Amino acid sequence: MMRPCGVVAACVLLVLLCACSVAVHARLVQVIQLNRHGDRGPIHLLPKVLNDSSVWPLGLGQLTGKGMWQLWELGKRQRSKYIDTGFLSAHYSVNELAVRSTSVDRCLMSAEAQLYAMYPPGSGPQNEVNSSDSIPSRFQPIPVQTMLPKDDIVLKPFSNCPEFNRRVSDIVQQSEIWKKTEEDNKDFIQFLGNMFGYPYNN
């Protein structure tokens with residue numbers, strides 16, 4: 001009769017063999033990528049230290065040049081990982097790729113910057129009738145789907161949900177741990193408020 005430790009060892013070995021078998025025969029069938037926008041300008045100015053909007057020529061809350069570059073770099077990595085390996089076609093296909101973004105400019109622009117690197121100039125189609133009538137450099141436009149915030153229950157599920165806001169107020173901000181943390185850090189919060197031009201108000 002096999003001892004308990006032998007049974008355990010046999011089970012562990014069986015699990016390992018099954019895991020190895022799955023790893024050998026596993027293949028990628030779908031990728032869902034969720035990422036945030038790139039570097040952006042501030043959304044609000046601060047009265048005392050950040051009160052000049054001209055510092056941000058693209059506008060408050062807008063994607064910066066660095067932010068565009070960040071997503072372009074991400075797109076290059078995704079091309080190397082999924083297109084150069086043959087998982088996705090070298091040319092955009094509506095049957096292989098779907099892109100969804102919130103309706104915020106910086107998010108839409110981030111998606112576009114990433115897609116530009118995934119499908120760079122030269123990967124787009126030529127006009128079958130007259131190649132001289134093709135987009136220069138065979139640029140490939142790719143659709144980015146979006147919705148109004150009030151209708152977007154996927155990427156902005158709390159933008160139109162009074163119950164969520166009520167629960168944050170009633171459950172989180174009225175909790176003992178929230179009140180204690182705020183009280184313990186009152187001097188620091190007041191210091192930051194004064195420094196940035198937002199006096200602390202109980």
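Here a biologist asks about a predicted model of one protein chain, and a modeller answers.

Biologist: Let's start with the overall make-up. How many helices and how many strands does the protein chain have?

Modeller: Reading along the sequence, you meet the pattern α-α-α-α-α-α. So you can put the secondary structure down, going by DSSP runs, as six helices and zero strands.

Biologist: What share of the residues in the protein chain is buried?

Modeller: To be called buried, a residue needs under 20% relative accessible area. The protein chain has 202 residues, and the buried share of them is 21%.

Biologist: And among contacts with a separation of 6 or more, what part comes from residues 24 or more positions apart?

Modeller: A contact here means heavy atoms within 4.5 Å. Take the contacts in the protein chain with a separation of 6 or more; the part from residues 24 or more positions apart is 61%.

Biologist: Which helix gives the most residues to the largest nonpolar core?

Modeller: As background, nonpolar side chains in soluble globular proteins tend to be buried together. The largest nonpolar core in this model has 13 residues, and Leu 97, Leu 115 and Tyr 119 touch the most other members. Two elements, helix H2 (65–83) and helix H3 (105–118), each give two or more residues to this core. With four residues, the top giver is H3.

Biologist: Leu 115 caught my eye. Which residues does Leu 115 touch, leaving out those up to four places away in sequence?

Modeller: Leu 115 is one of the residues that touch the most other members of the largest core. Once you leave out residues up to four places away in sequence, the ones Leu 115 touches are Leu 97, Val 99, Ile 142 and Val 144.

Biologist: Is H2 parallel, perpendicular or oblique to H3?

Modeller: The axes of H2 and H3 come within 7 Å, and they cross at roughly 45°. Angles under 35 degrees would be roughly parallel and 65 to 115 roughly perpendicular, so this crossing falls in another class. That makes H2, relative to H3, oblique.

Biologist: How many nonpolar, polar and charged residues are in the contact of H2 with H3?

Modeller: H2 passes H3 in a right-handed crossing. On the H2 side the contact includes Met 68, Leu 71 and Trp 72, while H3 brings residues including Met 109, Ser 110 and Ala 113. Sorted by class, the contact has ten nonpolar, four polar and two charged residues.

Biologist: On to the loop between H3 and helix H4 (162–173). Is Gln 140 buried or exposed?

Modeller: Gln 140 sits in that loop and touches Tyr 92, Tyr 119, Ser 123, Gly 124 and Pro 125, not counting residues up to four places away in sequence. Its relative accessibility is 12%, which means Gln 140 counts as buried.

Biologist: How far apart are the C-alpha atoms of Pro 141 and Gly 124?

Modeller: Pro 141 is also in the loop between H3 and H4, and at 45% relative accessibility it counts as partly exposed. Along the chain, Pro 141 and Gly 124 are 17 residues apart, while their C-alpha atoms are separated by 7.8 Å.

Biologist: Last one: is Ser 137 buried, partly exposed or exposed?

Modeller: Ser 137 is in the loop between H3 and H4, with a positive phi near 60° although it isn't a glycine. Arg 138 has a positive phi too, near 50°, and counts as partly exposed at 28% relative accessibility. Exposed means over 50%, so Ser 137, at 56% relative accessibility, counts as exposed.

Notes: Residues are numbered from 1 along each chain as its sequence is written. This is a predicted model: local features need pLDDT of at least 70, side-chain atom pairs count only at pLDDT 80 or more; totals for chains, interfaces and linings use all residues. Side-chain values use heavy atoms; hydrogens and water are left out. A nonpolar core is a set of buried Ala, Val, Leu, Ile, Met, Phe, Trp, Tyr and Cys residues joined through side-chain atoms within 4.5 Å. Buried means under 20% relative accessible area, exposed over 50%, partly exposed in between (1.4 Å probe, protein chains only). Axes are lines fitted to C-alpha atoms, for helices over the stretch in contact, and angles run from 0 to 180 degrees between N-to-C directions. Angles under 35 degrees count as roughly parallel, over 145 as roughly antiparallel, 65 to 115 as roughly perpendicular and the rest as oblique. A crossing is left-handed if the near helix is turned anticlockwise from the far one by less than a right angle, and right-handed if clockwise. Ala, Val, Leu, Ile, Met, Phe, Trp, Tyr, Cys and Pro count as nonpolar, Asp, Glu, Lys and Arg as charged, and the others, Gly among them, as polar.
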